[in-house]
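Let's take a walk through this model, strand by strand, and see how the helices sit on the sheets. Keep the structure open as you read.

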Amino acid sequence: MAGSVLNTSVTKLKGVGPVKAAAYAKQGIFTAGDLLVNYPRAYENRGNIELLDEITDPDIKHAVVLTVATEPKGVRLRSRHMSMLKFKAYDDSGTAEITFFNQDYLKDKFPLGSTFRFWGKVERVGRHYAMSAPAFEPWYDDKPLRDLIPIYRLSEGLNQKQITENIAQAAALCGQEIPDDLPNDIRIENKLCTRTFALKNIHNPENFVSLAAAKKRLIFDEFFTFGLGMALTRAKVKKSGAPECRDNDLVPFSRSLPFPLTEAQKRAIREIRADMATDSPMNRILIGDVGCGKTVCAAAAVYIAVKSGYQAALMAPTEILARQHYADLSDILGKLGYSVELLIGATSASKKTKIKAALTDGTLDFVIGTQALLSDGVEFARPGLIVTDEQHRFGVMQRATLSEKSKNAHTLVMSATPIPRSLALAFYGDLDMSVIDEMPPGRQRVDTFYVDGSYRARLEGFIDKNVREGGQVYIVCPAVEEKESADDEVTLDEMLETGIIPDTAPPLKAAVKYAEEIQARFPEFKVEFVHGKLKSRDKEAIMARFAAGKTQILVSTTVIEVGVNVPNACLMIVENAERFGLSQLHQLRGRVGRGKRKSYCVLVYGGDDLALCSENAKERLETMKTCYDGFAIAEKDLAMRGPGDFLRGNGDDTVRQSGGVKFKIADMCDDAGILTAAFVASKKLLEEDPELSNHPELRDTVTSMFTLDRTTVN
């Protein structure tokens, strides 16, 4: 019965004809139930009552309680075809003139001596005040008004009054028949209110406490349903057959390594081995800090696959990274008797033909490559494992194409970006996670300092010293060219995240000009610069020369943030460091300290006086100086900057986070604590009821959430 009431068309509500229904349809609202989950975008706090003489800001709205002092009088403005209604009202501190335009029908609404709560902008005019077209409500001492007034998103043809009234009608129509499919034990365990209470108080909150309780429940519901949907989707994938890699004795592999595995690496490898031993395709992500040893875990997975008689592939986003993996893994796997080849754009045509033929007839065990692996003719005889490195740098279609070439193979993806666990659930909710939270012994700490422009001469001396001792230097700049509008403006997001305002922002150090200055300053050293606007082939050629030691100083944008391994690089300088987030600075710092040389990271404030640096930016710089744990830094970055770095601006992965689902009220980052609790609860429920057979209403809700194209209703 409840379902039929919720599915009542909006056209059955007062004042909603075809035109209004069409306006609602633009917002995806077709039924009374849709109206109930059309949550306010904001609230006006009209409970903060002020006296007229307390108001100092005329540009924001205020709440005042005033008594009508004069009878409203209408004035016709012939020249403008307008009418004006005026009267005076007062409180203990002063008198205000209230004006309404083209609303003559309000004349009888304000009898002498009646009291109202007015909401609007208050302007001081001489010794008096003025309010133009304020919102108003009758004020009675024994009948307190609501403090919080909801504000809804509008579309053409709808106004706040219409939406508010229709939502009230929908709530009255549905009454107590609103279904609550969240299991009661989960609701109690997480200290959540009922759904009926939540829907009432999200639209008509009694107070801030009630509103907070309502939001928590509704946010939990969205994350809980999302968690169930992601898990059920993954379960469907796991039903399909995959190669059972049971020949997984890793003793020969471990003995071949020149170093002992850390406990975190052993744990990750155990999880991978357990997955690959079943006929359900592994779908696992390996997350770890820079230098934690993810590659050797991937090598173990490859060993398990090829030892069990199957083929493996590893796809990297760049040729230089693919070459690095080939150098490392061909040595390990080659010594164990398995064939390894490199397939990249630079591979000769004849070599490509041989590699493709060997993959097709099954004589090649393991191939490492770039997008060349997606080319025609790359077919696997016995696909067993696909490894994707820095997977966020590939598009959805690229990953899908590789998966099509290796149906039912186990999948392992690697990410060198430590993120808080709550966000990992959001990013990778459809993947099992292995976290490497321990660094190998001997991994040196990169001493970190921050300075301002007044240290420029000493910094150049430090560059000279490190290069003359045989080391190499990275210099990272935030812009490519001096007057590059796209990079040289301080955006609103940057202002909010960094505390920088345009008038005080130090000028950006530009890579092109700075590379020229550095080359002039150090004519005996080879200096090159690299940035994302270069063609891929040119960019990789520059990086290859730096990796080979032919270039001593590399001036760059953040294109070198991840994936590059140059053990001889010992100094990282980041210009305008105040403009970078913590996680990005940590990734940049991770480019040095990868070899035996003592390594340093110097963060340079763009101005000449560090005292002018914003407190927010200074706190980030101090964090980098004192903290070296990537996961702790990620948590700090999240706390300081919010969701920007993690869930927004990441290309197609921004869509991937929710599998296409659009949340109405939840925010994956701002509500990270609730997200974690909801995911834990969804996992627990599915352990007890894997198909939600005992919760058919909840299963319907999950199905509905993951079905996006709804244009008709019953």
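## Two parallel sheets and their helices

Strands β22 (residues 569–575) and β23 (residues 600–604) run parallel and are joined by 5 bridges. Within that pair, Leu571 sits opposite Tyr600 of β23. A word on terms: two strands count as paired if DSSP finds at least two bridges between them, and helices (H or I, at least four residues) and strands (E, at least two) are DSSP runs, numbered from the N terminus.

Bear in mind that this is a predicted model, in which local features need pLDDT of at least 70, side-chain atom pairs count only at pLDDT 80 or more, and totals for chains, interfaces and linings use all residues. Residues are numbered from 1 along each chain as its sequence is written, and side-chain values use heavy atoms, with hydrogens and water left out.

Now zoom out from that pair. Both strands belong to an open sheet of 6 strands, in the order β18-β23-β22-β19-β21-β20, with parallel pairing. At the edges are β18 (447–451) and β20 (527–530), each pairing on one side only. From one strand to the next, the twist averages 15°.

There's another open sheet, with 7 strands in the order β13-β14-β12-β15-β16-β11-β17 and parallel pairing. Its edge strands, β13 (340–343) and β17 (432–436), each pair on one side only. Here the twist averages 20° from one strand to the next. Inside this sheet, β12 (residues 311–315) and β15 (residues 383–389) pair in the parallel sense over 5 bridges, and Ala313 has Ile386 in β15 as its bridge partner.

Helices lie across both sheets, as the table shows. Contact means heavy atoms within 4.5 Å; axes are lines fitted to C-alpha atoms, for helices over the stretch in contact, and angles run from 0 to 180 degrees between N-to-C directions.

| Helix | Strands touched | Angle |
|---|---|---|
| α15 (residues 456–468) | β19 (472–476), β21 (553–556), β22, β23 | about 160° to β22 |
| α20 (residues 582–589) | β18, β19, β22, β23 | about 150° to β22 |
| α9 (residues 263–276) | β11 (283–288), β15, β16 (410–415), β17 | about 160° to β17 |
| α10 (residues 294–307) | β11, β12, β14 (366–369), β15, β16, β17 | about 170° to β16 |

How far can you trust it? The chain's mean pLDDT (the predictor's confidence in each residue, from 0 to 100) is 84, and 84% of its residues reach 70 or more. Over residues 482–505, though, pLDDT is below 50, and this stretch has 36 contacts in the model beyond near neighbours in sequence. Residues 708–714 also have pLDDT below 50, with 9 such contacts. Where pLDDT is low, the predicted coordinates shouldn't be read in detail.
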